[in-house]
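Trainee: Could you take me through the surroundings of one bound molecule, slowly and in plain words?

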Amino acid sequence: MIGLGSYGYTAPSSKKINAYDVPQGVDIRGRFDEEFAKILTKDALQFVADLQREFRNHIKYAMECRKEAKRRHNEGALPGFDPATRYIREGKWTCAPVPPAVADRRVEITGPVERKMIINALNSGAKVFMADFEDALSPSWENLMRGQINLKDAVEGTITFNDKARNRVYKLNNEIARLFVRPRGWHLPEAHIFIDGEPATGCLVDFGLYFYHNYANFRNTQGQGFGPFFYLPKMENSREAKIWNSVFDKAEKMAGIEKGSIRATVLIETLPAVFQMDEILYELRDHSVGLNCGRWDYIFSYVKTFQGHPDRLLPDRGQVGMTQHFMRSYSDLLIRTCHRRGVHAMGGMAAQIPIRDDPTANEAAFELVRKDKQREVKAGHDGTWAAHPGLIKTCMEVFTNTMGNSPNQIETVKREDASNLTEDDLLQRPRGVRTMEGLRLNTRVGIQYLAAWLTGSGSVPLYNLMEDAATAEISRVQIWQWLKYGVELDGDGLGVRVNHVFGRVVEEEMARIEREVGKEKFKKGMYKEACKIFTRQCTASTLDEFLTLDAYNYIVIHHPKDVSSKL
Ligand SMILES: CC(=O)SCCNC(=O)CCNC(=O)[C@H](O)C(C)(C)COP(=O)(O)OP(=O)(O)OC[C@H]1O[C@@H](n2cnc3c(N)ncnc32)[C@H](O)[C@@H]1OP(=O)(O)O
Ligand SMILES: O=CC(=O)O
Ligand SMILES: [Mg+2]
C-alpha cells in the first residue's frame, strides 16, 4: 500500500484509537507491531515530543534562513565567510578534549541500520561503525523501526541474525567497532509520527528514540563513560549546529548525565558550511568530535548553491574528484580548522567497492581507493570512511603506514599553510568536459537508485560503485543543470545539446536497464515510477531541494484502519 502524497499536514482523527500507548498530542500512523511498540514506548515518545515542542520553531526558522540564502545565491551572490563571526574564526579557543574511546578513528565503516550489516560492520575490524538513518537508508517505517530495534540489540550486545538460506548465524565478535549513529537531516519529516497535528522532525525521531533507549548501556559498554556518539549531516549554517547543541544539552539533562557526554562529528557536505566550519565547531564545542568531508553531498551542494549561475556548470560526475582545486581546498581547510580546535578531521568515502568477478578491475578499484586514502592521510586527515568490509584492510594499511601507532594527527599535522586559502580557492570552477556517456550514466544510475530506494534499499552497488542518496543527487542535479542551461556536450566532439537528446536518452537507458536487470525484475521493481519521478525532477523549471523529499511521498504508508480494527 503506497500513500501517494498522503502525509500532508492533516490533523489526526480524534476518533481513532492508537494501539501504541502514546503521550498526549502524539499520534502514530505507522503500522502497529509488537516489536516496534518496545521502541515506541510512552516515555520514549514523550522525550521525542518534548524535543519537537522545544525546537520546532528553531528548526522552522533555520529552514527559512536556508531559503533566504538560496534567494541571495540565485540572484548572483556567492557564499563566503561571514564578517560578523570573524571573532570566532580568529579567536583562540578549543573544543572539549577528545574522549579516549574514540581517539583512534583511522578507519570507519558506514552502512544502513540493517541487521546483518550492523553485525558485519561492527565485526569488520574498523575502529568505528557509522550506522546510517540517512544517505544509506530509505526511510520507510519498517526500515526506521527495525533499525532502532537492531541498534538497541547491538548496544546491548545481544544482536544476532540467522541467515536460514545459507545456514549461517551472525553474532558479535569480542572486539567490535565503536558505534556512531547518523540521524536524518533537518529538512526531512517523519510522516508516520504526528506531534500536535504535524509530522515530527525526522532527525529528532531518529536521535530521540536511539538516545532514550541506549544512552545508559552505551556509556557502560562502548563509550568508557562518554556517548552516545553521532554524525550530523547536511547542515548549512552554524545556527543549525546550535540547535543540535541545545538538543544534546536537553538530552543530557533528561538522562542526568554530564554535559559533554554526547559527542558528534559534523559532516561538512554543503557549500555554505565550508565557510562556517569554525562557527559550527564553536557552537558544538562541548559536544564535538570533529568534522568530516562529506564529498558527495558537497558536490551536490555545489550545483544546488549555484543553480542560478550558468557560468559554473559541472563536467561529468566522474571528473569531479578530490583533486579538483575546490575539493582539495575544502579538505585542507577542514584539516587546519579541526586540528586548530583540537578535534578529528575525518576524510570521506571513495565510491569504489570490491569487484568479485573481475580481478583486474578489482585491483584497479583497490588502487583508486589506496590513492584516495594516501592523499587523505598525507594531507593530515585523522581517519577515513570505507563503504565495504573488503576495503578495511587496505584503508587501515595506508593510514597506519603514515600514522604508525599514534591514534590521530591532531597535534602533529597543523596545516597552517591552509590558512591562506581564500573564498576563490573554495569556489573555483571544477575543470573537465561533458559527454554523452556522462549523461547516459547519470540517467541510468539515477533511475536505478531511485527504484531501489522506493523498494526499501538506500545504498546499492551500481556499475561497481557504491551509490546512495548523495551520489544519486549529483546525477539528478547535474542533468537538471545541463538541461536548464541548454548545455552542449563538449567532450565528444559531437556538439550535441542535452535538451535535444534527453527524452531519447531516457527511453534508451530504460531499455538498457531492462536488459541488464532482466524482464522479470524490471516488471516487479519500481523502475517506471522511478523514471517518472527522476525525469520530472530533471526537467522541472525550479530545482527540487532534495530527490528524496518528493520520493518520500511514495513510501509513506498510513495504517489507521489496521490499527483500530485490532482493538
Ligand atoms: C555519501 C555517503 O553518505 S557514504 C555513506 C553512506 N553509504 C553507505 O554507507 C554505503 C555502505 N555500503 C553498502 O551499503 C554496500 O557495501 C553496497 C550496497 C555498496 C554493496 O553491498 P553488497 O552488494 O551487498 O556487497 P557484497 O555482496 O560484496 O557484500 C559482501 C558482504 O559484505 C557485507 N557488507 C557489504 N557492505 C557492508 C557494509 N557497508 N557494512 C557491513 N557489511 C557490509 C554484506 O552484507 C555481505 O555480507 P555476507 O557475506 O555476510 O552476506
Ligand atoms: O555523507 C557523505 C557524503 O559524501 O555525502
Ligand atoms: Mg552525505
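Mentor: Sure, let's start with who lines the place: sorted by class, the shell around ligand 2 has 4 nonpolar, 1 polar and 5 charged residues. For that sorting, Ala, Val, Leu, Ile, Met, Phe, Trp, Tyr, Cys and Pro count as nonpolar, Asp, Glu, Lys and Arg as charged, and the others, Gly among them, as polar. Keep in mind that this is a predicted model, where local features need pLDDT of at least 70 and side-chain atom pairs count only at pLDDT 80 or more, while totals for chains, interfaces and linings use all residues. Residues are numbered from 1 along each chain as its sequence is written, chains are lettered from A and ligands numbered from 1 in the order in which they are written, and side-chain values use heavy atoms, leaving out hydrogens and water.

Now for the names. Around ligand 2 you'll find Asp-135, Arg-182, Leu-267, Glu-269, Gly-294, Arg-295, Trp-296, Asp-297, Trp-385 and Ala-470; a residue makes that list if one of its heavy atoms lies within 4 Å of the molecule. Helix H10, residues 295-305, gives the most to this shell, with 3 residues. Helices here are DSSP runs (H or I, at least four residues), as are strands (E, at least two), and both are numbered from the N terminus.

Next, look at the polar contacts, meaning pairs of N or O atoms within 3.5 Å. The side chain of Arg-182 has an N or O atom 2.8 Å from an oxygen atom of ligand 2. Glu-269 also uses its side chain, with an N or O atom 3.0 Å from a ligand 2 oxygen. With Arg-295 it's a polar backbone atom, 3.1 Å from an oxygen atom of ligand 2. On its own ligand 2 exposes 190 Å², and the protein buries 97% of that, going by Shrake-Rupley accessible areas with a 1.4 Å probe.

You can set ligand 1 beside that. Its shell has 27 residues, and Thr-110, Lys-116, Tyr-170, Arg-356 and Ser-459 are the closest. By class they come to 14 nonpolar, 5 polar and 8 charged. Helix H4 gives the most here, with 4 residues. A polar side-chain atom of Thr-110 sits 2.6 Å from a ligand 1 oxygen, and one of His-388 lies 2.8 Å from an oxygen atom of ligand 1. Ala-387 joins in through a polar backbone atom, 2.8 Å from a nitrogen atom of ligand 1. Alone, ligand 1 has 950 Å² of accessible area, and the protein covers 84% of it.

How values were computed
A polar contact is a pair of N or O atoms within 3.5 Å; within protein, one must be able to donate a hydrogen and the other to accept it, and residues adjacent in sequence count only if both atoms are side-chain atoms.
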